[in-house]
Amino acid sequence: MSGLELVDVRKSYGSTPVLDGVSLSVGPREFIAFLGPSGSGKSTLLRLIAGLEVPDSGAISLDGRRIEHLPPGERGVAMVFQHYALYPHMTVRENLAFGLHNAGTARDEIAARIDQAAAVLEIDALLERKPGQLSGGQRQRVAIGRAIVKQPRLFLLDEPLSNLDAALRNRTRVELAQLRRRVEAGVIMVTHDQAEAMTLADRIVVINERRIQQVGAPLEVYARPANAFVAGFVGSPAIALLPATVTGSGVHAQVRLAGGAEVQTRVPCAVLPPEREVRLGLRPENVRVVAPGSGTCDAETILVERLGDRTLIYAQLAGGEELTAIDEGTSALRIGDRVGLAIDGGSAHIFGGDGTGYHAEHPA
């Protein structure tokens, strides 16, 4: 099979399990983002693919060839590290050429590959400088260039933007998006930044507690999270997960919040577990600020975040639960104000006691 294939990959450090039965297929030119919190196992999984770690069990194949026991240089992959790992005493050109020299690549071929990579990354004018003379963004591009000259079948990026400031991170994100169109290889990027994953990836692999929680296109993961963890991790501000009781018995579930407010969802009753106590998932775009007494329920404003085009209102319900709503950019609300909240139940999610997500038939 073309591309990368992982089958039941497991890894422990002593008695501490790090990855527990991970299976995944990656297409030959697909951009995949491993997304998850610190300690979830995403970087270990990348290192297993790169050959920097050996799995305890399971299979890793690239383009139909088993690679889990091959040394890194024989796998056909190239890794870009979080901290660049450039040789400070070498020029950019020498850094780009170093691995190729060690591999015995012909001198003319090395020069041609460096020229091509420098043109793609727009670092032609930097080739005779040393890393200490470069900005963080330039050093990151050199690190990516060192991977490109190897002409790998798979690029592995370990938190490639985490050391950059916000403005440079946005610029480099654009460069990565453009770069993946110019190279004939797949890309796997480890990140804890959901904006990077949502922007760059064809598919997101959400990892937590040693396992893959969900694999899907960015909007699919956002709109139909597999479980409460995925729902809470993907999306900013975070989704509100409110204790609720299923009260209706029609085609679609109706739930009652702790304070008594009723919300009609479009989640089919037929798919729900038999339990009546659930959690209602509401993203900020599902809740609008209205006049007190005219919405689904009232709440107290506990924080106002003004973003210019819109205002985020962090509100507390009568039962103490908190959720985020959206108001106009010109909102005059202040902390302590009473507000009404109009909840769009048609876009709401329901999560069972085990965290499994249940979603609307026709999400808005």
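**Close-up 1. Arg47 and its salt-bridge partner.** Arg47 is partly exposed, with a relative accessible area of 30%; here buried means under 20% relative accessible area, exposed over 50%, and partly exposed in between (1.4 Å probe, protein chains only). Its side chain meets that of Glu53 in a salt bridge (3.5 Å, N to O), and Glu53, at 17% relative accessibility, counts as buried. A salt bridge is a side-chain nitrogen of Lys or Arg within 4 Å of a carboxyl oxygen of Asp or Glu. Please keep in mind that this is a predicted model, where local features need pLDDT of at least 70 and side-chain atom pairs count only at pLDDT 80 or more, while totals for chains, interfaces and linings use all residues. Residues are numbered from 1 along each chain as its sequence is written, and side-chain values use heavy atoms, with hydrogens and water left out.

**Close-up 2. A salt bridge between Arg153 and Asp63.** The two side chains meet at 2.8 Å, N to O. This pair links distant parts of the chain, 90 residues apart: Arg153 sits in the loop between helix 4 (136–148) and strand 7 (154–158), and Asp63 in the loop between strand 4 (57–62) and strand 5 (65–66). Helices (H or I, at least four residues) and strands (E, at least two) are DSSP runs, numbered from the N terminus. Arg153 is partly exposed at 34%, and Asp63 is partly exposed at 35%.

**Close-up 3. Glu68 with Arg66, and a network elsewhere.** Glu68 and Arg66 form a salt bridge through their side chains (2.4 Å, N to O), and Glu68 counts as buried at 4% relative accessibility. Asp8, Arg10, Asp20 and Arg211 are joined into one network by salt bridges that share partners. The whole structure holds twelve salt bridges.

**Close-up 4. An open sheet of six strands.** The strand order is 13-12-11-14-20-21, with antiparallel pairing; two strands pair if DSSP finds at least two bridges between them. Strand 13 (262–268) and strand 21 (357–358) stand at the edges with a single partner strand each, so one side of each is left without a neighbour in the sheet. Six bridges join strand 11 (residues 240–246) to strand 14 (residues 277–282), and Ala244 has Val278 as its bridge partner in strand 14.

**Close-up 5. Residues around Arg180.** Which elements give two or more residues to the lining of the largest cavity? They are helix 4, strand 7 and helix 5 (166–179), and helix 4 gives the most, with three residues. On a 1 Å grid over the protein atoms alone, a cavity is a set of points where a 1.4 Å probe fits but cannot get out, and lining residues have an atom within 4 Å of a point. Arg180 is one of the lining residues, which also include Phe31, Val80 and Val187.

How values were computed:
On a 1 Å grid over the protein atoms alone, a cavity is a set of points where a 1.4 Å probe fits but cannot get out, and a pocket is an open set with protein on both sides within 12 Å along at least five of seven lines; lining residues have an atom within 4 Å of a point.
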